[in-house]
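Work through the exercises below with the sequence and the 3D view open. Each task is followed by a solution in steps.

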Amino acid sequence: MKKKQKCACSIQKTPLRKLIYRDRHLLVMCIPLILFFLIFAYLPMAGLSLAFVDYKPVLGIGGSPFVGLENFEKVFRNPFFPRLLKNTFLIGMETLVWSFPIPILFALAVNEIRNRKFQKVIQTISYMPYFISIVVIVGLLSNFLSPTVGVINQVYSAITGNDPISFMTEPKYFRTIYVVSHIWQTFGWNSIIYLAALAGVDIALYESAKVDGANRLQQMIHITLPCIMPTIIIMLILNMGNIMSVGFEKIILMYSPSTYEVADVISTYTYRRGIVQSDYSFGTAIGLFNSAINMMFIVGANWFSKKFSDTSLW
Amino acid sequence: MKRKTKQSFSDRMYMIIVCIFVIICTFIALYPMVYTLSMSISGAEHVAKNDIFFFPKGFSTQAYELVFQDKEIWGAYMNTIWYTVVGTVLSVVLTMISAYPLSRRRFFLRRKLMLFVMFTMYFSGGLIPMFLLINKIGLYNSRWSCIMPYLISAWNLIVCKSFLESIPETLEEAAAIDGASPYTTFARIFLPLSKPIIAVMTLYYAVGQWNGYFAAMMYLPDADKHPIQMYLRKILILSNTQSSMGGSSMGGFERSLATQQLKYAVIIVTILPILAIYPFVQKYFVKGVMIGSIKE
């Protein structure tokens, strides 16, 4: 994933002033980048100090009384905290478990199709959901699953003869709906990387397998799959690092008070407490807690990856 | 001989299963969109009877006429176009300009700046510090609040940087010998060679702006600045009762029917531009995705 680059030894010897002069044009080109990340990435990080004060807007961050870890204590004592942690983990975990294998299967299947035109049409169509906004997807979900006009309920009632189900307000269906719609949106797009890996498999391997009398299924299992295994492992590790970073954008649109018990995750609760109820210090504290957990997962996944597959993010 | 026919039989079975699987996947990917399109152009009586499952029944452009007459929809649509055009142009220009110095191996700040950028991918201040920052720097309730915080994506920047690194450095040296300044080298040599990545970036940033609603929800209290996604959120999600919209003077039933169809028509009008564009950039996707995930 990353090759260690040796610094040119001359760099240490050249005085800084000379380097600045030599690279002045490149430095000028970096100005927008530095400004942007300072303002919109590092200033908010400085704003994390909110988590350690009892923030009063009139006093500002600096003027508000310092309370140490009191806000974190409030977070951990919060009656909803175990529920948030559990929901975040379960949603992240189920998304990974179910949505990880499907793009691989899909890529393997598309790769078997020899007709290029057909292959291209399939790819174009399968990428499409990726370009549809979350608002439209959740809107379609609530339409499709609606107990009065929903096409899914029509089919369900016709087959089982039962009354239609109000899927969107029923807690036990929430995670399934979340994960299935996620798979629908991403399976085609996520298959790109595997298709690219598949395109690099040496054709000579198949030729020799054919000579040995392997049928296509055997070729797939014994040649194709091992050849893309490194890619699969890298993607799995990358995804594992993101388990706890369940985003709010989709859940905020999907959930309702009737499904909070399974749908409310750390980020959505942060939004409700922090933004809607303007409880800034508490919101920052729980947000920082989530960032810290995410960081731990990513570092852990990266360590794991370095140890077992020779690849790493940094 | 016998073995060979048996083998080809199993191969044929295998291919049939593969084809069925692929076709089912493709159908599932396509179905919601076809259904939406069919609902939006079918005759109102079929929408009322709820008997459309795949192909449209009857034909009516009534829903689209309503969409085109609705001032609120058009206002939101124009806002989205503004956000998308301004945001995408600025983002692509800034990302390419920033990626260039990061891709120069001899640049003395290169590694430090990479760290500076990459750290933000794994750690962020989070929702509330960002919200307060936007307030503090005066972007709250300004259209720029939907553009400024998203100008440069660290991920896209690294993808572009990797792409620029793949362009032979000898070109840069040759240009320098001919007396070109680094700016000229970048603009005249590297940019024209970067068309594929510029296409991918334009698509990524444009899709991000076109589909975004969260910044508007957070930072824009005034509805007249809202993008189309906020309008969609209002009619698709917030008002599932189907009664709170439409400014027309139609009777109750007819009106709720028209609203039902109107939803589908607005969805089609909203997703069409993006769906019309991405197939043309598709051939570059592999490059963009590969660079992004395999290289640092």
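**Exercise 1. The interface**

Task: State how many residues of chain B are in contact with chain A, and describe the area buried between the two chains.

Solution. The model is a predicted one.
- Step 1. Count the residues on each side: 100 residues of chain B are in contact with 91 residues of chain A.
- Step 2. Choose a way to express size. The size of an interface is often given as the accessible area lost when the parts come together.
- Step 3. Take the area: chain B and chain A bury about 9000 Å² between them, and 76% of this is on carbon and sulfur atoms.
- Step 4. Find the main contributors in chain B. Tyr14(B), Phe108(B) and Tyr122(B) lose the most area to chain A, and together they make up 8% of what that side buries.

**Exercise 2. Polar pairs and composition**

Task: Count the polar contacts and salt bridges between chain B and chain A, then classify the residues on the chain B side.

Solution.
- Step 1. Between chain B and chain A, 17 residue pairs are in polar contact, both residues being at pLDDT 80 or more.
- Step 2. Ask which element supplies the chain B side: helix H1 (residues 2-41) of chain B gives the most, with 20 residues.
- Step 3. Sort the residues of chain B that touch chain A: 73 are nonpolar, 16 polar and 11 charged.
- Step 4. Turn to salt bridges. The rule finds one across this interface, whereas a search of the whole structure gives 15 over all chains.

**Exercise 3. The salt bridge between chains**

Task: Identify the residues of the salt bridge between Asp23(A) and its partner in chain B, place them, and say whether each is buried or exposed.

Solution.
- Step 1. Recall the principle: side chains of opposite charge can pair when their charged atoms come close.
- Step 2. Name the pair. The side chains of Arg106(B) and Asp23(A) form a salt bridge, at 3.2 Å from N to O.
- Step 3. Place both ends. Arg106(B) is in the loop between helix H4 (71-103) and helix H5 (110-122) of chain B, and Asp23(A) is in the loop between helix H2 (16-22) and helix H3 (24-46) of chain A.
- Step 4. Apply the cut-offs: buried is under 20% relative accessible area and exposed is over 50%. Asp23(A), at 1%, is therefore buried, and Arg106(B), at 36%, is partly exposed.
- Step 5. Look for a further partner. Asp23(A) also forms a salt bridge with Arg22(A), with the closest N and O atoms 3.1 Å apart. Arg22(A) is partly exposed, at 35%.
- Step 6. Join the pairs: Arg22(A), Asp23(A) and Arg106(B) are linked in a network of salt bridges.

**Exercise 4. A salt bridge within a helix**

Task: Where do Glu73(A) and Arg77(A) lie, and how many residues apart are they?

Solution.
- Step 1. Both lie in helix H5 (residues 70-77) of chain A, four residues apart, about one turn of the helix.
- Step 2. Check the distance: the closest N and O atoms of their salt bridge are 3.2 Å apart.
- Step 3. Assign exposure. Glu73(A) has 42% relative accessibility, so this residue counts as partly exposed; Arg77(A) has 63% and counts as exposed.

**Exercise 5. Chain B as a whole**

Task: Give the secondary structure of chain B and the share of its residues that count as buried.

Solution.
- Step 1. Chain B has 13 helices and zero strands.
- Step 2. Of its 296 residues, 53% count as buried.
- Step 3. Of the contacts in chain B with a separation of 6 or more, 73% come from residues 24 or more positions apart.

Methods: Residues are numbered from 1 along each chain as its sequence is written. Chains are lettered from A and ligands numbered from 1 in the order in which they are written. This is a predicted model: local features need pLDDT of at least 70, side-chain atom pairs count only at pLDDT 80 or more; totals for chains, interfaces and linings use all residues. Side-chain values use heavy atoms; hydrogens and water are left out. Contact means heavy atoms within 4.5 Å. Buried area is the accessible area (1.4 Å probe) that two parts lose on being put together, summed over both. A salt bridge is a side-chain nitrogen of Lys or Arg within 4 Å of a carboxyl oxygen of Asp or Glu. A polar contact is a pair of N or O atoms within 3.5 Å; within protein, one must be able to donate a hydrogen and the other to accept it, and residues adjacent in sequence count only if both atoms are side-chain atoms. Helices (H or I, at least four residues) and strands (E, at least two) are DSSP runs, numbered from the N terminus. Ala, Val, Leu, Ile, Met, Phe, Trp, Tyr, Cys and Pro count as nonpolar, Asp, Glu, Lys and Arg as charged, and the others, Gly among them, as polar. Buried means under 20% relative accessible area, exposed over 50%, partly exposed in between (1.4 Å probe, protein chains only).
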